[in-house]
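Got the viewer open? Load the model, switch to cartoon, and we'll go through it one selection at a time.

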Amino acid sequence: MKKFLVLYRMDMDAMQKMMAESSAEDRKKGMDEWGAWMKNHMADMADMGGPVGKNTHVVKGGASETSNDIGGYSVFQAQSKEAVVALLADNPHFSLPGSTVDLMEIVSM
């Protein structure tokens with residue numbers, strides 16, 4: 001089995017607008033959809049992952065606070081990248097405006 005890193009991304013302006021305009025009930029409904037989706041795909045995951053917070057850009061000379069469009073991650077296990085693409089087809093992340101997913105194989109060293 002191969003492992004694949006999935007990064008859940010969303011346009012930052014769209015995210016800010018959605019958070020400003022959505023109700024607590026809307027956000028709970030979205031989280032419930034995520035929970036159901038994760039439960040249905042539990043056997044396909046090596047690491048369920050989760051949301052990510054603010055990021056720090058680290059270079060040899062130090063670190064600085066920055067932001068990006070990554071909202072969370074998961075690690076899937078599957079025979080192929082195409083198999084993970086198929087698993088992601090009904091992911092509730094795609095219902096969010098400006099959302100995308102980056103998928104990459106975790107290569108053994």
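Before the first selection, a term: a pocket here is an open set of grid points with protein on both sides within 12 Å along at least five of seven lines, and its lining residues have an atom within 4 Å of a point. Keep in mind that this is a predicted model.

**Stop 1: the largest pocket.** Select M15, M18, M31, G71 and L96. Out of the 37 residues that line the largest pocket, these lie nearest its centre. The volume of that pocket comes to about 1,100 Å³.

Now colour the elements around it. At least two lining residues come from each of β1 (2-10), α1 (12-21), α2 (24-40), β2 (45-51) and β5 (70-78). Which element gives the most to the lining? That's α2, with nine residues. If you recolour the lining by class, you'll get 16 nonpolar, 15 polar and six charged residues.

**Stop 2: α1.** Stay with α1, one of the elements that supply the pocket lining. How many of its 10 residues are buried? Just one, so to speak a helix that is hardly covered. Then show side chains at its N-terminal end: D11 caps α1 there, with a side-chain oxygen 3.2 Å from the backbone nitrogen of D13.

**Stop 3: α3.** Move on to residues 81-88, which form helix α3, and pick out V84, L87 and L88, its buried residues. Turn the view until you look down the axis of α3: the buried residues fall within an arc of 95°, so they line one face of the helix. Select E82 and A86 next; they are exposed, on the other side of α3.

What do the buried residues of α3 pack against? Show β1, α2, β5 and β6 (99-106), and you have their partners. Of these, β1, α2 and β5 also appeared at the pocket, where each supplies at least two lining residues.

**Stop 4: zoom out.** Clear the selections and follow the chain from the N terminus: its elements run β-α-α-β-β-β-β-α-β, which gives three helices and six strands. Along its principal axes, the C-alpha trace spans about 45 × 40 × 20 Å.

Finally, colour by burial. Of the 109 residues in the chain, 26% count as buried. A contact map is worth a look as well: taking contacts between residues at least 6 apart in sequence, 74% join residues at least 24 apart.

Notes:
Residues numbered from 1 in each chain as written. Predicted model: local features only at pLDDT ≥ 70, side-chain atom pairs only at ≥ 80, totals over all residues. Heavy atoms only, no water. 1 Å grid on protein atoms, 1.4 Å probe; cavity = no way out; pocket = protein on both sides within 12 Å on 5 of 7 lines; lining within 4 Å. Points joined across faces, edges and corners; volume = space filled by probe spheres on them. Helix = DSSP H or I, 4+ residues; strand = E, 2+ residues; numbered from the N terminus. Nonpolar A, V, L, I, M, F, W, Y, C, P; charged D, E, K, R; others polar. Buried < 20%, exposed > 50% of the residue type's maximum accessible area, 1.4 Å probe, protein only. Arc of directions from axis to C-beta. Contact = heavy atoms within 4.5 Å. Polar contact = N/O pair within 3.5 Å; in protein donor to acceptor, adjacent residues only side chain to side chain.
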